[in-house]
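Grab a pencil and open the viewer. Below are some short exercises on how helices pack, each with a worked solution.

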Amino acid sequence: MATSRVIVTGGGTNLGKAAAAELARCGASVVIAGRRAEVLEEAAAEVGERCSFIAGDIRERAGAEEIVKTALERFGRLDLVLNNAGGQYMVPAESLATKGWRAVQRLNVDGTLKMCKAAYDLAMRDARAGTIINVTVSPHHGMPAMAHTGAARAAVEAITRELAATYGARGIAVVAVALGRFDTESLRKYPAELWKTAAASVPTQRLGSLEEYGWLIALLATPLGASLSGSVVTLDGALDNWTGPWPPTGLIRDGEVPTEARRPAA
């Protein structure tokens, strides 16, 4: 980990920036990537001297390849790619427009696959080493108003398993991380009632923290990540395991307790 060379897509904000910061604290050198140079520049300065940035569009083959080439120019090799970039919006399935569906698939599926291919073709195949982490979402048993994202992330998990089998012979690991409900700046832009309800809907009765995400990514960046190739590691406060009526008997669902009150001490 201390000598790892890393790309984090979507690294300018929220979860991506938190992962970049944790990797840098562990000694890695990190390139964060995204479409907004000004956001990336600010985030890189916040993360510190081990972090640099490049603006690029992972939805385009040329954009994905330029991100990988830039990392190789700066580092000489590439050990880890965190495909953190993604996006969605809330809309009932019956109101989902074709344009919106295609936009979500293009970013989440096409962008992830293009980054996987660029990392493999340009850096990891010849080195016969490396780890790719693809971010998806939980729960896996249906999300109201999120049919488009559920479909996209399911595709990414299928791609992860396929690439793990294909790339494994060359020593390259491919892992997926399925995330539940996290306390991000984006979520906090919604009315307080929404994010408090989101916290109450999780069995642990709190939202995930950005630090917890960073810890998991740092763990997967170690040799342990190779042992988990082909797996989907779920980080969601047990949300994925609950499919019955809500709330289960005995679980306090107050909805008014701030997320911070339920976080374990760091």
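For the packing exercises, a helix axis is a line fitted to C-alpha atoms over the stretch in contact, and angles run from 0 to 180 degrees between N-to-C directions. Keep in mind that this is a predicted model.

**Exercise 1.** Work out how far to trust the model, using pLDDT.

*Solution.* Start with the whole chain: its pLDDT averages 89, and 90% of the residues score at least 70. Next, look for the weak spot: over residues 254–259, pLDDT stays under 50. The model does have 13 contacts for that stretch beyond four places in sequence. Still, where pLDDT is low, the predicted coordinates should not be read in detail.

**Exercise 2.** Describe how helix α4 packs on helix α5.

*Solution.* First find the pieces: α4 covers residues 98–127 and α5 covers residues 147–167. Their axes sit 8 Å apart, at an angle of about 15°. Angles under 35 degrees count as roughly parallel, so α4 is roughly parallel to α5. As for handedness, the crossing of α4 with α5 is right-handed.

Now click through the contact. On the α4 side you'll find, among others, Trp101, Val104, Cys116 and Tyr120; the α5 side includes Ala147, His148, Ile159 and Tyr167. Sorting the residues of this contact by type gives 14 nonpolar, 5 polar and 2 charged.

**Exercise 3.** How many aromatic pairs does the structure hold, and how are the rings of Tyr120 and Tyr167 arranged?

*Solution.* The count is 2 aromatic pairs. For Tyr120 and Tyr167, take the ring centres, which are 3.9 Å apart, and then the planes, which meet at 5°. Planes under 30 degrees apart count as stacked, so this pair is stacked. Finally, place the two residues: Tyr120 is in helix α4 and Tyr167 in helix α5, 47 residues apart, so to speak a link between distant parts of the chain.

**Exercise 4.** Do the same job for helix α3 against α4.

*Solution.* Helix α3 spans residues 61–75. Its axis lies 9 Å from that of α4, at an angle of about 45°. The two helices are therefore oblique to each other. Here too, the crossing is right-handed.

For the contact, α3 brings Arg61, Ala64, Glu65, Ile67, Val68, Lys69 and Leu72, while α4 brings Lys114, Met115, Ala118, Ala119, Leu122 and Ala123. By type, that makes 9 nonpolar, no polar and 4 charged residues.

**Exercise 5.** Which residues make the contact of helix α1 with helix α2?

*Solution.* Begin with the geometry: α1 (residues 14–25) and α2 (residues 37–47) pack at about 35°, with 10 Å between their axes. α1 passes α2 in a right-handed crossing. The contact residues are Lys17, Ala20, Ala21 and Ala24 from α1, and Ala43, Glu46 and Val47 from α2. They divide into 5 nonpolar, no polar and 2 charged.

**Exercise 6.** Check the backbone at Asn14 and at the Ser138 to Pro139 bond.

*Solution.* Asn14 isn't a glycine, yet its phi is positive, at about 45°; this residue lies in helix α1. Moving on, the peptide bond from Ser138 to Pro139 is cis, with omega near 10°. To find Pro139, go to the loop between β5 (130–137) and α5.

How values were computed. Residues numbered from 1 in each chain as written. Predicted model: local features only at pLDDT ≥ 70, side-chain atom pairs only at ≥ 80, totals over all residues. Heavy atoms only, no water. Helix = DSSP H or I, 4+ residues; strand = E, 2+ residues; numbered from the N terminus. Parallel < 35°, antiparallel > 145°, perpendicular 65-115°, else oblique. Left-handed = near helix turned anticlockwise from the far one by under 90°. Contact = heavy atoms within 4.5 Å. Nonpolar A, V, L, I, M, F, W, Y, C, P; charged D, E, K, R; others polar. pLDDT = per-residue confidence, 0-100. Phe/Tyr/Trp six-rings, centres within 6.5 Å; stacked < 30°, edge-to-face > 60°.
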